[in-house]
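Me: Please take a close look at one part of this model, the surroundings of the ligand. I would like a connected account of what encloses the ligand and how the elements around it are placed.

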Amino acid sequence: MKERLQSIKEEALQQIEDVKDSKTLQDLRVKYLGKKGQITEVLKGMGNLSKEERPVIGQLANEIRDAITEALDTKQETLEQAALQQQLKEETVDVTLPGKPSQVGGSHLLMNVIRDIEDLFTGMGYEIAEGPEVETDYYNFEALNLPKGHPARDMQDSFYITEELLMRTHTSPVQARTMNKHEGRGPVKIICPGKVYRRDTDDATHSHQFTQIEGLYVDENIRMSDLKGTLNTLAKHLFGEDRHIRLRPSYFPFTEPSVEMDISCKVCNGHGCSVCKHTGWIEMLGAGLVHPNVLEMAGFDSEKYSGFAFGMGPERIAMLKHGIEDIRHFYTNDVRFLKQFHQV
Ligand code: 2NL
């Protein structure tokens, strides 16, 4: 019986030693120590032993059971530790790895152009003025020297809401409204950015909705030279110090005299190429001295006050700056187009 117990011990300790997972270890615990386990089986046969042998074998059996129990417990501890280490290793987070980039939006190219121009003019003492996009016939046309029946109204056909209400065709009504608020006292020094609407058929160069920035400076002794200096500063800010400007006579109902400003072509440096249609110049904006009628209607004494005004299209500026060939790119919202100009 002694030998039997000894061999059980040796076999058990060897098997416990070789175990690789806790499931097998649990099976071994049952195999050796369980109710139907091998030690129990041996002890059951103790009835056949002599009185002298019984305590000796009993003690030996206890020792062996304790030894196996301890081996099992130690192994279990070892396996649990190993499992924990493995789990820690697998679940390690490397905080130095780069994170997943999140999609960040950016401002629209037109907003970038508008803000750039706003910054330039606020730096020269201008204020930014805004007004309604649904406008009265009076402010959109009448106050700008475009009475009902004036032929120039045809060039700015609009979307009418009623006979007297329409989507504004330019940002000039904001300037007329601002002048009114000044109750005949200068200076008025503002730029007006915003959306405007025209009843046009959309194509590469026309959009029924587009943006404008207009500027207005009304005070005593404002002259053509003030306008020219301001436009020169604007042109160089937008297109580079090496650009030149020229003013050509033009016509707008709300200015007299009226001019159009060209900027020397950057591609050919004024020598003529396909971009400037071999003229060396590219048309950029319209401007002029505020018509006396417009000043008077807004409550200013046109004998005392004078002013200049100019208007431009941010779409056109952006198209010239970046070589964009179709105005519809601004409004079809293809992110592949828009992303090229994102500013955060
Ligand atoms: C253009 C031309 C222009 C103005 C806008 C203006 C406003 C008032 C009085 C006088 Cl309240 N003038 N605005 C003047 C000349 C030209 O815009 O081609 N814009 C895209």
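Reply: What follows goes from the ligand outward to one of the elements beside it.

The model is predicted. The shell around the ligand holds 15 residues, and the closest are Gln175, Glu214, Gly286, Ala309 and Gly311. Taken alone, the ligand exposes 480 Å², of which the protein buries 88%. Two contacts involve nitrogen on the ligand side. In one, a ligand nitrogen atom is 2.6 Å from an N or O atom in the side chain of Glu214. In the other, a backbone N or O atom of Gly311 lies 3.2 Å from a nitrogen atom of the ligand.

By residue class, the shell divides into eight nonpolar, six polar and one charged. Strand 9 gives the largest share, four residues. At least two residues each come from helix 7, strand 5, strand 8 (281-290) and strand 9 (305-312).

Of these elements, helix 7 can be followed further. Helix 7 covers residues 172-181, and seven of its 10 residues are buried, so it is largely enclosed by the rest of the structure. The buried residues are Ser172, Pro173, Val174, Gln175, Ala176, Thr178 and Met179. Gln175 is thus a buried residue of helix 7 and also among the residues closest to the ligand. The packing partners of the buried residues of helix 7 are strand 2 (134-136), helix 6 (137-140), strand 4 (188-197), strand 5 (209-220) and helix 9 (292-297). Strand 5 therefore packs against buried residues of helix 7 and also supplies at least two residues of the ligand shell. After helix 7 comes Glu183, whose phi is positive, near 45°.

Definitions and conventions. Residues are numbered from 1 along each chain as its sequence is written. This is a predicted model: local features need pLDDT of at least 70, side-chain atom pairs count only at pLDDT 80 or more; totals for chains, interfaces and linings use all residues. Side-chain values use heavy atoms; hydrogens and water are left out. Buried means under 20% relative accessible area, exposed over 50%, partly exposed in between (1.4 Å probe, protein chains only). Contact means heavy atoms within 4.5 Å. A residue is near a molecule or strand if one of its heavy atoms lies within 4 Å of it. A polar contact is a pair of N or O atoms within 3.5 Å; within protein, one must be able to donate a hydrogen and the other to accept it, and residues adjacent in sequence count only if both atoms are side-chain atoms. Accessible areas come from the Shrake-Rupley method with a 1.4 Å probe; for residues, only the protein chains shown count as cover. Ala, Val, Leu, Ile, Met, Phe, Trp, Tyr, Cys and Pro count as nonpolar, Asp, Glu, Lys and Arg as charged, and the others, Gly among them, as polar.
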